[in-house]
Amino acid sequence: MKLARLALTLLMIAPSVALAQVRINEVAWMGTAENANDEWIELFNDGTDDVSLDGWTLSDGDTLSVTLSGVLFAGAYGVLERTDDDTVPGVSAFLIYTGALGNDGRTLTLSRADGSTEDRVVGGDAWTNIGGDNETKATAQRTASGWTTAAPTPGERNEAEEVAAAPEPEPEVTLSRSRGSGGGTTAPRAQKPVRPAPPPELSLGLDAPKTAYVGQPVSFTANATGLPKPILDSLVYTWNFGDTDAGAGRTVTHTYAYPGEYVAVVDAAYGKHDEMMRKDVTVLPVSLSLSRTASGDIELKNTASYEEDLGGFSLGGFTFPKYSFVKGKGTLIVPTAKVGTRGPVSLRDTRGVAIASLSTSPQRSFITKANARISEPIAEANLEVVAPASTTVIRIGNATTEEKLGFFARFYSMLFGS
């Protein structure tokens, strides 16, 4: 008798342990009347605890393998919809998946994150073994007495169970003894409300430099998170670079033709999932100048205060190799032998657009009788030396006035003697 009382006492004071169980509750392997591809699977948490499905999987061992995520609340239904959230009108998908269920039956296995099995439904060699009708589009539904065929009830209690169930009783009020010394009861405990599982949300990130340069390629990459991998892999990315040009793909490369402040925008979309991300990009001008040294080589100067990459640029017949950096305010000497010409030459960017030109000849030095050096550049295109039988003069352009001829005759005599 004492042992019985002790056991009863321990039973009364021991904390109750509520085990949450997630089960496969309904399978629409046949699709819907609107579209045979609109398949869906319903999960049900018939426990008293919320369950995180992060890392769980649902697989048929053949063409379907879905990685789950999110929380399925106690007493809540989660509808997994194939391809998009339009599969079951009026029902918000708990998760969208890709892949199809064969009509010839499969074995569905719901596994926890640690690989252990939570639930399994054996369809055998035909789903009709457990339920569902491909003609009427009635679904396979789990009931207390086993699987059956009934009208679809996505996100709700199965219709077959409602028909078999007795009329709803009055709400039961559970009374418990107070911990005080006297008798009496405590107030009834309110049941935990059933909360619908929040739908997964798409989140975007954008990798791109804040600063770019005219004529130099800029790389943009979009990073999507928050949805199952099959949906992330199906996202379609469209880009607007802010300069009237557009692009497509998760990673893209763009070249800005003009300096300025631009807003680069990427949009990722799949089904009802659609998210936009933007980033401001400052495009700086390429500031380069050309001149010739006394030996005829070309001096390229970066007049900007920031570094420039000339990789892919061309100068005459020479193309700069990849990663040809010139420091801010720095210079680079390019031998004439590489350029391939001593005449006019242009520096062109990766698009072939000329950004700097050099049309004058090299500097030339002259020694006067007094050994004074004159090193002014002379434009060869405008210089003509005319040497008659008895007189040598220099004519500049179309200058033929007596004053100019007299001046240059005296200048020529001073340099070389009469």
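Ring pairs link Phe220, Trp239 and Phe241 into a cluster. The model in which this cluster appears is predicted. Eight aromatic pairs are counted in total. One of them joins Phe318 and Phe320. Their ring centres lie 5.0 Å apart, and the planes meet at 70 degrees, an edge-to-face arrangement. Phe318 is buried, because its relative accessibility of 17% falls under the 20% limit. Phe320 is also buried, at 4% relative accessibility.

The protein has 418 residues, of which 35% count as buried. Its secondary structure consists of five helices and 33 strands. Among contacts with a separation of 6 or more, 51% come from residues 24 or more positions apart. The exposed surface of the protein is about 24,200 Å². Carbon and sulfur atoms supply 53% of that surface.

One open sheet contains six strands, in the order β8-β7-β2-β1-β11-β12. The pairing within this sheet is mixed. β8 (95–97) and β12 (146–150) stand at the edges. Each has a single partner strand, so one side of each is left without a neighbour in the sheet. Neighbouring strands are turned against each other by 30 degrees on average, direction ignored. Inside the order, β1 (residues 22–28) pairs with β11 (residues 139–143). The sense is antiparallel, and the pairing rests on two bridges. Gln141 in β11 is the bridge partner of Glu26.

Asn158 makes contacts with residues of these two strands, including Glu26 and Gln141. Asn158 lies in the loop between β12 and α2 (159–164). Its relative accessibility is 0%, so Asn158 counts as buried. Two backbone oxygens are reached by the Asn158 side chain. That of Asn25 is at 3.3 Å. That of Arg142 lies 2.8 Å from a polar atom of the Asn158 side chain. Beyond residues up to four places away in sequence, Asn158 touches Asn25, Glu26, Glu42, Gln141, Arg142 and Thr153.

A further loop residue, Asp50, sits between β2 (40–45) and β3 (51–52). Asp50 is partly exposed, with a relative accessible area of 29%. A polar atom of the Asp50 side chain lies 2.9 Å from the backbone nitrogen of Ala74. Asp50 is also placed beside Phe73 in terms of backbone position: their C-alpha atoms are separated by 4.2 Å. Along the chain, Asp50 and Phe73 are 23 residues apart.

Strands β21 (residues 288–292) and β22 (residues 298–302) form a hairpin. They pair in the antiparallel sense over five bridges. One bridge joins Arg292 to Ile298 of β22. Five residues separate the two strands. In the turn, Gly296 has a positive phi of about 95 degrees. β21 has two faces that differ in cover. Leu288, Leu290 and Arg292 form the covered face. Ser289 and Ser291 form the uncovered one.

Ser346 is found in strand β28 (residues 345–348). Its side chain makes a polar contact with the side chain of Ser357, at 3.1 Å. Leu358 is 12 residues from Ser346 in sequence. The C-alpha atoms of Ser346 and Leu358 are 6.2 Å apart. Leaving out residues up to four places away in sequence, Ser346 touches Ser314, Leu315, Gly316, Ala354, Ala356 and Ser357.

Positive phi values also occur in residues other than glycine. Thr244 has a phi near 80 degrees. Thr244 is placed in the loop between β16 (236–240) and β17 (246–248). This residue is exposed, with a relative accessible area of 78%. Lys329 is another case, with a positive phi of about 65 degrees. Lys329 lies in the loop between β26 (325–326) and β27 (331–334). Lys329 is exposed as well, at a relative accessible area of 53%. Both residues count as exposed because their values, 78% for Thr244 and 53% for Lys329, are over the 50% limit.

How values were computed. Residues are numbered from 1 along each chain as its sequence is written. Side-chain values use heavy atoms; hydrogens and water are left out. Buried means under 20% relative accessible area, exposed over 50%, partly exposed in between (1.4 Å probe, protein chains only). Helices (H or I, at least four residues) and strands (E, at least two) are DSSP runs, numbered from the N terminus. Two strands pair if DSSP finds at least two bridges between them. Contact means heavy atoms within 4.5 Å. Accessible areas come from the Shrake-Rupley method with a 1.4 Å probe; for residues, only the protein chains shown count as cover. Axes are lines fitted to C-alpha atoms, for helices over the stretch in contact, and angles run from 0 to 180 degrees between N-to-C directions. A polar contact is a pair of N or O atoms within 3.5 Å; within protein, one must be able to donate a hydrogen and the other to accept it, and residues adjacent in sequence count only if both atoms are side-chain atoms. Rings of Phe, Tyr and Trp (its six-membered ring) pair if their centres lie within 6.5 Å; planes under 30 degrees apart count as stacked, over 60 as edge-to-face and the rest as tilted.
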